[in-house]
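Me: I'm new to reading protein structures, and I'd like to understand the words people use for them. Could we go through some together?

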Amino acid sequence: MSRRTGASGRVDYRALNRQSTADFLPSSRRSVIVRGGDQFRVSHLLDKRRREKKNQYLVKWRGFSAKEATWVEKEDITEDLVRAYEVGVHAKNFDPEELHDAADALGVAVQRKLKARTAIGESFQCRRDILMCWFGDKPKRRGAWTLDRKDFPAQYFPTGWDRVVDQFGQGPEVIFPITLRPSVRRSPKTHTLGSSGDMIEMERICVPYATVSFAMKPCGEYENQVTSTCKSNKNMCGKPLATDKEEGVK
């Protein structure tokens, strides 16, 4: 395993800590749980709890609904799954489409909050392991990340994702840092009729979510560019240019 070094030649211990021997396993040995001689493919881990002095994770099985998710003890889960949930693994461990879908969901949440011009945080559905992949090496405070613009990978967050402007270059933009808090939403408690005729409580469905919060300000970058263009020989804003005489300038 090679060490990652920066321009100064120093070892990037944060990046090194995110490396695991599981990252070098063949894909056929990743994200698999063996039970009774059978192999079960895992999509990702949804939640974590402590039972009888043992850690358990709620497993989302690949190809099955979240309704079928089950609690599995840590020792029965492969290292790559636990690391993805707890500290994050390299992006190469994910399907590129999964990463782009998560980035789209986050970007839409940011722009919806900008459009609404509200101080209330905007929630969106997103897997914890993907957020850990991007931001797992960033410090957390009270369960939330505080992120600057540079913390968002440019590969998934292109220029303009953090603002909403009209054709005149006017509109709000994000004031960094952004607060991002991962969470889990559970369905309400409900019951169904059991085989014995008694009402039994059904398993609650868990869905991974995150909430994004930030302050905002009027966007000035595009507005200045459009204003400069509008004052050229051809008015591209669709409004007649006022002459010096019309403006009352002698």
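Reply: Happy to! Keep in mind that this is a predicted model. A good place to begin is Ile178, which is buried with a relative accessible area of 0%.

Me: Why is Ile178 called buried?

Reply: Buried means under 20% relative accessible area. Ile178 has 0%, so the word fits. This residue is found in strand E8, which covers residues 172-186. Leaving aside neighbours within four places in sequence, Ile178 is in contact with several residues, among them Trp145, Phe152, Trp161 and Phe214.

Me: What makes Glu173 count as buried?

Reply: The same kind of check works here. Glu173 has 9% relative accessibility, and the limit for buried is under 20%, so Glu173 counts as buried. Glu173 also lies in strand E8.

Me: How do you know that the side chains of Glu173 and Arg163 make a polar contact?

Reply: The cut-off for such a pair of N or O atoms is within 3.5 Å. The contact joining the side chains of Glu173 and Arg163 is 3.3 Å, so it passes the distance test.

Me: What makes Lys53 exposed?

Reply: Exposed means over 50% relative accessible area. Lys53 has 75%, so it is exposed. Its place is in the loop between strand E2 (38-51) and strand E3 (54-61). Lys53 also has a positive phi of about 65° although it is not a glycine.

Me: Why is a positive phi worth pointing out in a residue that is not a glycine?

Reply: Because most residues other than glycine have a negative phi. Arg117 gives another example, with a positive phi near 50°. Arg117 is found in the loop between H3 and E5, and at 57% relative accessibility it counts as exposed. Gly88, just after H2, takes a positive phi of about 100°, but this residue is a glycine.

Me: What joins Phe176 and Pro177?

Reply: A cis peptide bond, with omega about 15°. Most peptide bonds are trans, so a cis one deserves a mention. Pro177 lies in strand E8.

Me: Why are E5 and E6 said to stand at the edges of the sheet?

Reply: Let's start with the sheet itself. It is an open sheet of 5 strands in the order E5-E11-E8-E7-E6, and the pairing is antiparallel. Strand E5 (122-125) and strand E6 (140-141) each have a single partner strand, so one side of each is left without a neighbour in the sheet.

Me: How do you know that E6 and E7 pair?

Reply: Pairing needs at least two bridges. E6 and strand E7 (residues 144-147) have 2 bridges in the antiparallel sense, so they pair. Within this part of the sheet, Lys140 stands opposite Trp145 in E7. Helix H3 (residues 96-116) packs on the sheet, touching E5, E8 and strand E11 (206-218).

Me: Why is helix H2 called mostly covered?

Reply: Of the 8 residues in H2 (residues 79-86), 6 are buried. They are Asp80, Leu81, Val82, Arg83, Ala84 and Tyr85.

Me: How many disulfides does the structure hold?

Reply: It holds 0 disulfides. A disulfide needs a pair of cysteine sulfur atoms within 2.5 Å, so no pair meets that limit. Two of the cysteines are still worth a look: Cys126 counts as buried at 4% relative accessibility, and Cys206 is buried with a relative accessible area of 7%.

Key:
Residues numbered from 1 in each chain as written. Predicted model: local features only at pLDDT ≥ 70, side-chain atom pairs only at ≥ 80, totals over all residues. Heavy atoms only, no water. Helix = DSSP H or I, 4+ residues; strand = E, 2+ residues; numbered from the N terminus. Buried < 20%, exposed > 50% of the residue type's maximum accessible area, 1.4 Å probe, protein only. Contact = heavy atoms within 4.5 Å. Polar contact = N/O pair within 3.5 Å; in protein donor to acceptor, adjacent residues only side chain to side chain. Axes fitted to C-alpha atoms, helices over the stretch in contact; angles between N-to-C directions.
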